[in-house]
Amino acid sequence: MSQWLRRPPSRRRLILMGVAVALCLIVFAFERLYGWPSWMTVNGRMPRVPRPL
């Protein structure tokens with residue numbers, strides 16, 4: 001924070017960070033309202049491959 005006080009970011013960078021945070025909040029809210037999509041769920045576990053000796 002002290003770096004921001006000494007040399008504040010440009011208006012463009014602040015807008016970019018705001019858009020990124022807003023996008024993350026939108027994705028989080030969508031996931032909380034509608035749940036995890038089934039196409040992103042893994043079907044079972046991957047089989048374990050034995051390690052060579």
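So, Phe30 and Tyr34: both sit in helix 2, 4 residues apart, which is about one turn of that helix. Before I go on, please keep in mind that this is a predicted model. The two rings form an aromatic pair, with 4.8 Å from centre to centre and 50° between the planes, and that counts as tilted. If you search the whole structure for aromatic pairs, you find 1. And are those two residues buried or exposed? Phe30 is exposed, and Tyr34 is exposed too.

Okay, staying in helix 2 for a moment. Val19 is in that helix as well. Its relative accessible area is 53%, and the cut-off for exposed is over 50%, so Val19 goes down as exposed. How far is Val19 from Phe30, C-alpha to C-alpha? They are 11 residues apart along the chain, and the separation comes out at 16 Å.

Now let's go to the other residues I marked on helix 2, which covers residues 11–34. Met17 is in there, and so is Leu14. Met17 has a relative accessible area of 32%, which makes it partly exposed. Leu14 is also partly exposed, at 42% relative accessibility. For anyone wondering about those labels, partly exposed is what lies between the 20% and 50% marks, so 32% for Met17 and 42% for Leu14 both land there.

What does Leu14 touch, if we leave aside its neighbours within four places in sequence? Trp4 and Pro9. Trp4 then turns up again on the surface: Met1, Trp4, Leu14 and Met17 make up a nonpolar patch there. Taken together, those four residues have about 450 Å² of accessible area.

Right, let's zoom out to the whole protein. We have 2 helices and 0 strands. The radius of gyration is 21 Å, whereas the globule rule gives 10 Å for 53 residues; 21 Å is well over that, so the protein is more spread out than a compact globule. If you put a box around the C-alpha atoms along the principal axes, you get roughly 55 × 40 × 15 Å.

How much of the protein counts as buried? Of the 53 residues, 0%. The accessible surface comes to about 6200 Å², and carbon and sulfur atoms account for 66% of that.

One last stop, in the segment after helix 2, where you'll find Arg51. Arg51 is at 77% relative accessibility, so this one counts as exposed. I also looked at Arg51 together with Ser10: the two are 41 residues apart in sequence, and their C-alpha atoms are 52 Å apart in space.

To recap, then: a tilted pair made by Phe30 and Tyr34, a nonpolar surface patch that includes Leu14 and Met17, and a predicted model that is more spread out than a compact globule.

Technical notes. Residues numbered from 1 in each chain as written. Predicted model: local features only at pLDDT ≥ 70, side-chain atom pairs only at ≥ 80, totals over all residues. Heavy atoms only, no water. Rg over C-alpha atoms; globule rule 2.2 N^0.38 Å. Buried < 20%, exposed > 50% of the residue type's maximum accessible area, 1.4 Å probe, protein only. Areas by Shrake-Rupley, 256 points an atom, 1.4 Å probe, with all protein chains shown as cover. Patch = residues over 30% accessible without salt bridge, like charges linked within 9 Å, V, L, I, M, F, W, Y side chains within 5 Å. Salt bridge = Lys/Arg side-chain N within 4 Å of Asp/Glu carboxyl O. Phe/Tyr/Trp six-rings, centres within 6.5 Å; stacked < 30°, edge-to-face > 60°. Contact = heavy atoms within 4.5 Å.
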